[in-house]
Amino acid sequence: MPSLFEKDIQFLKGVGEKRAKLFQKLGAPTVGDLLRLYPRAYEDWSVHTPVRETVLGEVAVVQGTVLQRPSEQRIRGGKLLYKTRVTDGESDLVLTFFNNRYIPTLLREGETYLFRGKVTGTFLRREMLSPEFVPQAKELAIQPIYPATAGLSSRQIGAAVQNALQLLPEQLNDPLPDKLREQYHLCTLRYALETIHFPKTQEEIATARFRLTFEEFLVLQLGLLRIKSGRKQKNLHPIQEEFPQGFAQLLPFSLTGAQHRAIQEAVHDMAGDSPMNRLVQGDVGSGKTAVAAALCWSVIQNGMQAALMAPTEILATQHYHSLNALLEPAHIACALLTGSVKPGEKKKIYSALADGRIQLVIGTHALLSDQVAFHNLGLVITDEQHRFGVGQRSALAQKGASPHLLVMSATPIPRTLALMVYGDLDVSVLDELPPGRQTIETYLVDSGKRQRAFGYVQKHLDQGRQGYIICPLIEEDDSGLQSVTHYAELVKQAFPQATVGVLHGKMKPREKDRVMESFSRGETQLLLSTTVVEVGVDVPNAVIMVIENAERYGLSQLHQLRGRIGRGQYQSTCILITDAQNQETLKRLKLFRDTSDGFQIAEADLKLRGPGDFFGSRQHGLPQLKIADMTTDMEVLRQAQACAKELTRQNALEQPAYRGLRGEVRRLFAKTGGEGVVL
């Protein structure tokens, strides 16, 4: 469908330049994108309920004849109110509309309509406030509901989609050839597009959705496999395939079996025919930094340089101090490069990187600066990968000649999902904690026990320890949740002798760093924060955490937060405060209270909340899925993965029959920078 994908939506009938900007906000700048803007839900108008059988407080569809022309009343504030009555032949229903002067012309006396809305009123007198309605003659069994935006209603989107569907050519080029559709029992693209938008039955929705979900997963997997195969160039930085015993001797502790295995896998990659592209994911405190250090040591011993990029200055500084202390006895020159390094010092670092005097550089996005050039970059490491895009890790890698790539993530991801999201990388899992890591005691209480919890916090502060209080909001709103700014006053009153720091996402980066550094140095005893503290600093003296409104967080996020404590020699405690009554919510929080295994928590979170909780609204750097759901569509994903591998093995995308599918892969990955997708 190249012509549709390229046609600017403003030229679609009924859109125009002004409305086109609203469609762009929804991710539909072209007619083709509009056709891929699928309904987020459906309203089923096919089941009509007699007025007397409607349930108060529930949504119902009622077929009724208008008994009288809507009457107009002017109410307080100059607003208009319209009332009328309709009947289904046995009982009446009172309808009320606000500020819609067209109602008297839209609802004509004696004519029959379908009305859909929440039923209010009393046992004897049923009412609906501003229901949706359609003439009986125009009845649609199922109506699509689109993700609307201010100034653009779901109905207006639906009308635009209808106009777009009319532009489909009679002979529509389907990216999936007949043979492939037959093999996987998939309907045609034309049927899928027409039906997903305007279905007549639930069965039609299922048929169309299966086809579109399969195609989306297939295109994504093919793109990731292309990236992976595109990197199978010659290894320009081979190392000897030996476990780095010299590095192990530098450590003041013994490596765990999982660390040993991950290092061995990475060394095997780096000694192979192609550059390493590996993800190391492990639970909080599983020792990913030691794995990274071992690989840095290995490439440096082989005459190359290494670079580690972290998402924040605090994390970069932390890595620098620990790696420099570890590698200095091996006479390895390390440097820290962040935005706050003074210009004069930066120039010295640039020069020393360019001539090879600095063998390991640790930094933030500052490493991507044009002034940064390497003498012989052999290894690139990105930490907390979910905070970086595919393009960003590529930008750093491009500062060398096909260097090895290691990606680290402290967000435990179920293996199936890891293979899906990081399909272009091999995966190592650190599923074993180093000896000495403390088990964190976790308690679940309601707000009535807050003062008791605060007393427990004070006891730890009196012993010279530090703590966190986590709050979900930055500013007060009408939800009744505690905000950081308001809550800070309560905390300062509750802990009058303590030094309290406040940290939230709206603060400037330098301000955040100042607060965190004060906490790291022990100058601040109690840190009141939103989830910005979720990934970050290692403060062994912080032993207690209170999480307010715990129901607001996903399990994986709670696990990341809890991982900020229990990092030293002292017993640590996490207290969750919630007044939630919902049984599913309480079940989720109790599971977290009773489990410390991050991978178990991640599996539960995937089932309960879906993949969004791992990566926020979407996985950075990957194309956004428009209809497929990694939680509910795992079986379709498995089929699509198998299909993608088989097509790649056969080199099928080079065949004329798969030209359309090749175009879909190119188009999908072009929206994210298309790193490595050569088509």
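Which residues does Lys288 touch, not counting residues up to four places away in sequence? The close-up views below come from a predicted model, and the first of them gives the answer.

**View 1. Surroundings of Lys288 in helix H11.**
Lys288 touches Val280, Gly282, Asp283, Met408, Ser409, Ala410 and Leu430, leaving aside residues up to four places away in sequence. Its relative accessibility is 10%. Buried means under 20%, so Lys288 counts as buried.

**View 2. The largest nonpolar core, with 43 residues.**
Four leucines touch the most other members: Leu295, Leu360, Leu379 and Leu406. Helices and strands both supply this core with two or more residues per element. The helices are H10 (257-270), H11 (288-301) and H12 (313-327). The strands are E11 (305-309), E12 (334-337), E13 (360-363), E14 (377-382) and E15 (404-409). H11 gives the largest share, 10 residues. In soluble globular proteins, nonpolar side chains tend to be buried together.

**View 3. Contacts of Leu295.**
Leu295 touches Ile263, Ala266, Val267, Met270 and Met276. It also touches Leu379 and Leu406. Residues up to four places away in sequence are not counted here. A second core lies separate from the one around Leu295 and holds 30 residues. Ala28, Leu37, Ile157 and Leu165 are among them.

**View 4. Strand E13 and its partners E11 and E12.**
E13 pairs with E11 in the parallel sense, over four bridges. Here Ala307 stands opposite Val361 of E13. E13 also pairs with E12 in the parallel sense, again over four bridges. In this pairing, Cys334 stands opposite Leu360 of E13. Between E12 and E13 the chain crosses through helix H13 (residues 343-354). This β-α-β crossover is right-handed.

**View 5. The two sides of strand E13.**
Which residues of E13 point one way, and which the other? Leu360 and Ile362 share one direction. Val361 and Gly363 point the other way. All of these residues are buried. Leu360 also appears in View 2, as one of the core members with the most contacts to other members.

**View 6. The aromatic pair Phe97 and Phe133.**
This is a pair in a structure that holds eight aromatic pairs. The ring centres of Phe97 and Phe133 are 5.9 Å apart. Their planes stand at 80°, so the pair is edge-to-face. The pair links distant parts of the chain, 36 residues apart. Phe97 lies in strand E5 (residues 92-98), and Phe133 in strand E8 (residues 132-135). Phe97 is buried, at 4% relative accessibility. Phe133 is buried too, with a relative accessible area of 15%. Together with Tyr113 and Phe115, Phe97 and Phe133 form one aromatic cluster.

**View 7. The aromatic pair Tyr184 and Phe214.**
The ring centres of Tyr184 and Phe214 are 4.8 Å apart. Their planes are at 40°, so the pair is tilted. Tyr184 belongs to helix H6 (residues 178-184) and Phe214 to helix H8 (residues 202-230). The pair therefore ties together parts that are 30 residues apart in sequence. Tyr184 and Phe214 are buried.

**View 8. Arginines over aromatic rings.**
Arg465 lies over the face of Tyr570. The distance to the ring centre is 3.9 Å. The charged end of Arg562 sits over the ring of Phe592. Here the distance to the ring centre is 3.8 Å.

Technical notes:
Residues are numbered from 1 along each chain as its sequence is written. This is a predicted model: local features need pLDDT of at least 70, side-chain atom pairs count only at pLDDT 80 or more; totals for chains, interfaces and linings use all residues. Side-chain values use heavy atoms; hydrogens and water are left out. A nonpolar core is a set of buried Ala, Val, Leu, Ile, Met, Phe, Trp, Tyr and Cys residues joined through side-chain atoms within 4.5 Å. Buried means under 20% relative accessible area, exposed over 50%, partly exposed in between (1.4 Å probe, protein chains only). Contact means heavy atoms within 4.5 Å. Two strands pair if DSSP finds at least two bridges between them. A crossover is right-handed if, with the strands pointing away from the viewer, the path from the first strand over the helix to the second runs clockwise. Rings of Phe, Tyr and Trp (its six-membered ring) pair if their centres lie within 6.5 Å; planes under 30 degrees apart count as stacked, over 60 as edge-to-face and the rest as tilted. A charge sits over a ring if NZ of Lys or CZ of Arg is within 6 Å of the ring centre and within 35 degrees of the ring normal.
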